[in-house]
Amino acid sequence: MQIRCALVGMPGSGKSTVGRQLAHRLGVSFVDLDHRLEQHLGTSIRSFFEAEGEARFRDIEAQMLADVVRQPGGMVLSTGGGAVLRPENREALRQFGNVLYLRAAPEEIYKRVRHDRSRPLLQVGNPLEKLRELYAVRDPLYRETAHYVIETGRPTVSTLVNMIMMQLEMAAAGGGDAATEAPAAVPQNASTDAPQDQR
């Protein structure tokens with residue numbers, strides 16, 4: 001059976017880093033949607049935001065997502081933080097395969113991304129406040145889209161990948177209603193932050 005799963009979550013929640021290792025463990029291809037978008041646009045997402053605006057970017061993102069989910073075979077897909085904003089994207093992701101929400105608090109994300117200048121929505125006077133605003137809007141959408149919520153907290157990337165692998169194995173074995181939220185337990189003794197995703 002070819003496993004297909006998508007990672008959603010806030011910027012800096014670890015989607016690209018975790019997704020790459022998860023794909024390696026599963027022996028399937030890894031697709032970073034933001035990386036694909038930058039290749040397609042021929043420029044950085046931040047530059048495109050500044051030149052064309054967010055609405056135009058979201059149009060292209062939706063089209064690119066639709067193209068990717070139609071591709072056959074096993075895949076781990078890492079999405080951009082705002083990919084869930086459009087209903088058609090949320091539906092496409094749920095049809096694609098198991099959707100995992102890498103949840104992290106805005107304060108935790110801020111520690112990881114405060115020096116990152118590549119994230120267009122965070123180039124503001126008070127990025128922590130912006131993260132809180134984004135989280136308030138997006139957290140319900142991530143939860144609506146995801147089959148599973150993975151609390152990132154402070155575990156290592158390998159611990160997160162192990163947690164996700166267990167969720168996927170249980171889903172494959174159970175064959176029940178995958179829409180039930182299943183928060184994964186976070187080891188209390190894990191001591192290193194999950195490295196941030198690229199965007």
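**Exercise 1.** In this predicted model, find which helix holds Arg46 and Glu50, and work out how their side chains meet.

*Solution.* Start with the location: helix α3 (residues 45-52) contains both Arg46 and Glu50. Next, look at the spacing, which is 4 residues, or about one turn of the helix. Then check the contact: the two side chains form a salt bridge, with N to O at 3.2 Å, and the cut-off is within 4 Å. Finally, look at accessibility. Arg46 has 28% relative accessibility and is partly exposed, while Glu50, at 59%, is exposed.

**Exercise 2.** Now try Arg90 and Glu144: which parts of the chain does this pair tie together?

*Solution.* First, confirm the pairing: the side chains of Arg90 and Glu144 make a salt bridge of 3.1 Å, N to O. Arg90 belongs to helix α5 (residues 87-96) and Glu144 to helix α7 (residues 127-145), so the pair ties together parts 54 residues apart in sequence. As for surroundings, Arg90 is buried with a relative accessible area of 11%, because buried means under 20%. Glu144 is partly exposed at 46%.

**Exercise 3.** Stay in helix α7 and decide whether Asp139 is buried or exposed.

*Solution.* Begin with its partner: Asp139 and Arg143 share a salt bridge of 3.1 Å, N to O. They sit 4 residues apart in helix α7, about one helical turn. The relative accessible area of Asp139 is 12%, so Asp139 is buried. Arg143, at 29%, is partly exposed.

**Exercise 4.** How many salt bridges does the whole structure have, and which residues does a network link?

*Solution.* The full search gives 11 salt bridges. A network of salt bridges links Glu54, Arg58 and Glu61.

Definitions and conventions
Residues numbered from 1 in each chain as written. Predicted model: local features only at pLDDT ≥ 70, side-chain atom pairs only at ≥ 80, totals over all residues. Heavy atoms only, no water. Helix = DSSP H or I, 4+ residues; strand = E, 2+ residues; numbered from the N terminus. Buried < 20%, exposed > 50% of the residue type's maximum accessible area, 1.4 Å probe, protein only.
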